[in-house]
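Trainee: I have this one open on my screen and would like to walk through it with you. Could we take it piece by piece?

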Amino acid sequence: MQREKTLGGVKSLIRSVEGLAELLILTVIYYFIFRNNYDSSLFPEYDGYGKYVLCGIYGLLAMVLFFGMDGFKFGYLRNGDVIVSQILALFISNFITYWQLCLIANDLIPVAPMLVLMVLGAAVVIACTLLYSAIYHHLYVPKEMVMILGRDESVTLKFKMETRPDKYHVSKLISMDEGLESICDQIVNYDAVIINDVPADLRNDILKFCYRNKIRAYLTPKVTDIVLRGAEGIHLFDTPLLLVKGAGLTPVQRLVKRIMDLVLCLVLMIPATPIMLCIALAIKLEDGGPVFYKQARATLDNRVFDILKFRSMIVDAEKNGKSIPAKGDDPRITKVGRFIRATRLDELPQILNIIKGDMSLVGPRPERVEHMKKYGKIVPEFDFRTKVKGGLTGYAQIYGKYNTTPYDKLRLDMMYIENYSLMLDIKLLLMTLRIIFSKESTEGFSNSSKLDRRARKALRDMRREQKEKEEQKETAKP
């Protein structure tokens with residue numbers, strides 16, 4: 001265990017060295033491609049030390065994009081996610097670099113060397129990711145973890161964590177009903193503790209015990225915890241204060257965000273317009289129905305607007321007034337609709353919603369009005385998500401799943417609202433590129449409170465063990 005603590009202390013250093021080594025390899029490849037495949041007469045100013053400046057710019061650009069798309073999280077993310085992130089970042093770097101060289105040469109230079117650079121770079125990315133992940137998993141074995149359980153429904157976190165057996169191993173469940181003393185006696189035998197939806201008083205006592213005894217602790221945050229993370233510290237007195245404004249973004253942040261939305265969307269409209277025209281024509285030719293599908297959604301301060309999508313289902317698919325999301329092989333989905341859904345192109349018209357001001361590029365996904373009312377009854381704080389404009393993409397779309405619960409979705413979106421920055425918006429936009437290639441959709445989420453078979457079995461085993469302990473205590477009494 002001491003070895004793991006020591007290694008954990010240098011984990012970020014090891015990752016940094018690995019990342020720099022990879023960037024150095026990519027930059028060296030770029031240097032040789034640039035020197036051996038382009039006529040030096042095209043770049044006379046960069047024939048001397050200038051070529052090293054170009055290499056430095058290339059390496060810096062790649063580093064920023066790799067960081068922005070979580071491309072250096074070897075072992076933390078799945079290998080496939082890291083590879084996709086890095087290849088997308090590499091493509092963007094090479095794309096920008098190609099046009100940079102064209103501007104320097106004041107001419108369109110051959111694209112073939114850049115394609116070779118892309119292929120070689122992709123090979124380096126795959127090799128480095130597999131190697132670095134293998135090193136990570138060799139050094140950091142899964143920890144023996146114990147989960148302190150509050151609500152029955154929260155046991156599902158155990159099975160979510162078990163999808164990453166390379167990182168986590170939850171070997172025991174303990175009910176909060178066992179009491180603080182019993183819980184503390186047991187958790188000292190484990191490498192880490194997960195405090196999962198436990199009431200605040202008991203949670204605080206367990207956390208203090210873990211802190212005092214240097215036990216690693218994971219917590220599922222409550223909404224108030226997330227709000228406090230965004231609080232402003234005030235140190236005018238010898239008693240510290242935390243200020244929670246609860247107003248969403250500041251006027252300056254809203255202005256900067258709006259300018260970014262307009263600039264990026266107007267630029268996006270240049271390549272998107274011909275694509276949108278082709279899709280509109282295909283929809284019209286297939287069945288002659290309307291091109292767009294409108295749906296009432298809630299945005300900033302619960303204001304209702306009509307979100308635009310390309311129509312992907314037959315006309316009058318919801319003729320009874322019931323909004324039933326289409327899944328899988330739903331016969332209501334048209335041939336064109338199946339394609340634009342799979343490629344996410346049905347969302348393109350929302351660029352118009354953003355230009356109009358109803359939405360933002362990044363923000364909590366605007367929910368249907370009926371969903372806001374429905375989930376508001378289950379989670380009273382659900383309308384906290386409307387502290388900012390709804391977005392085309394957002395925290396919950398990137399880090400959530402299709403069946404993310406309303407409360408988990410609220411927590412994810414609150415993480416965005418309370419930690420907002422322009423750089424976070426840029427990072428989430430870059431991360432969205434990776435999500436586009438994911439099979440899972442996060443448009444909707446499940447409200448089911450039913451527990452699956454594994455969860456019910458885990459709860460039964462936990463309660464049986466708890467009952468046996470109580471019986472042993474009773475037997476041991478004189």
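Trainee: Which residues do the ring pairs link into a cluster?

Mentor: The cluster, in what is a predicted model, is made up of F66, F67, F72, F74 and Y132, which are joined through ring pairs. A search over the whole structure turns up 16 aromatic pairs.

Trainee: Take F74 and Y132, then: how are their planes set, and how far apart are the centres?

Mentor: The ring centres of F74 and Y132 are 4.9 Å apart and the planes stand at 70°, and since an angle over 60 degrees counts as edge-to-face, that is what this pair is called.

Trainee: Where in the chain do those two sit?

Mentor: F74 belongs to the loop between helix 3 (50–68) and helix 4 (79–105), whereas Y132 is part of helix 5 (residues 112–139), so the pair links distant parts of the chain, with the two positions 58 residues apart. As for solvent, F74 and Y132 are both buried.

Trainee: And what about Y416 and Y420, what kind of pair do they form?

Mentor: Y416 and Y420 are also described as edge-to-face, with 5.9 Å from centre to centre and 80° between the planes. Both Y416 and Y420 are buried.

Trainee: Staying with the loop between helix 3 and helix 4, I also see M69 there. Is M69 buried or exposed?

Mentor: M69 is buried, its relative accessible area being 0%.

Trainee: What is M69 in contact with, once its neighbours within four places in sequence are left aside?

Mentor: M69 is then in contact with S85, L88 and A89, and also with L430, M431, L433 and R434. L281, on the other hand, is 35 Å from M69 when taken C-alpha to C-alpha, and the two are 212 residues apart in sequence.

Trainee: Changing topic, how many strands form the open sheet, and in what order?

Mentor: Four strands form that open sheet, in the order 2-1-3-4, with parallel pairing throughout the arrangement. Strand 2 (168–175) and strand 4 are the edge strands, as each of them pairs on one side only. Ignoring direction, neighbouring strands of the sheet are turned by 25° against each other on average.

Trainee: What holds strands of a sheet together in general?

Mentor: Strands of a sheet pair through backbone hydrogen bonds, and the pairing may be parallel or antiparallel.

Trainee: Why would you call strand 3 largely enclosed?

Mentor: Because five of the five residues of strand 3 (residues 192–196) are buried, the strand is largely enclosed by the rest of the structure. Its two faces are both covered, with A192, I194 and N196 buried on one side and V193 and I195 buried on the other.

Trainee: How many bridges does strand 3 make with strand 1, and how many with strand 4?

Mentor: With strand 1 (residues 143–149), strand 3 pairs in the parallel sense over five bridges, and four bridges join strand 3 to strand 4 (residues 216–219), again running parallel. If you follow V193 in strand 3, you find V146 opposite, and in strand 4 its bridge partner is A217. A192 likewise stands opposite R216 of strand 4.

Trainee: Which helix does the chain pass through between strand 3 and strand 4, and what is the handedness?

Mentor: The chain goes from strand 3 through helix 8 (residues 200–212) to strand 4, which makes a β-α-β crossover that is right-handed.

Trainee: And which strands does helix 7 touch?

Mentor: Helix 7 (residues 180–187) packs on the sheet and touches strand 1, strand 2 and strand 3, with its direction at about 155° to that of strand 2.

Trainee: Last thing: where is confidence lowest and where is it highest?

Mentor: The lowest confidence in the protein chain is in helix 1 (residues 2–9), with a mean of 52, and the highest is in strand 9 (residues 360–362), at 96. The chain averages a pLDDT of 87, and 92% of the residues score at least 70.

Technical notes: Residues are numbered from 1 along each chain as its sequence is written. This is a predicted model: local features need pLDDT of at least 70, side-chain atom pairs count only at pLDDT 80 or more; totals for chains, interfaces and linings use all residues. Side-chain values use heavy atoms; hydrogens and water are left out. Rings of Phe, Tyr and Trp (its six-membered ring) pair if their centres lie within 6.5 Å; planes under 30 degrees apart count as stacked, over 60 as edge-to-face and the rest as tilted. Buried means under 20% relative accessible area, exposed over 50%, partly exposed in between (1.4 Å probe, protein chains only). pLDDT is the predictor's confidence in each residue, from 0 to 100. Contact means heavy atoms within 4.5 Å. Two strands pair if DSSP finds at least two bridges between them. A crossover is right-handed if, with the strands pointing away from the viewer, the path from the first strand over the helix to the second runs clockwise. Axes are lines fitted to C-alpha atoms, for helices over the stretch in contact, and angles run from 0 to 180 degrees between N-to-C directions.
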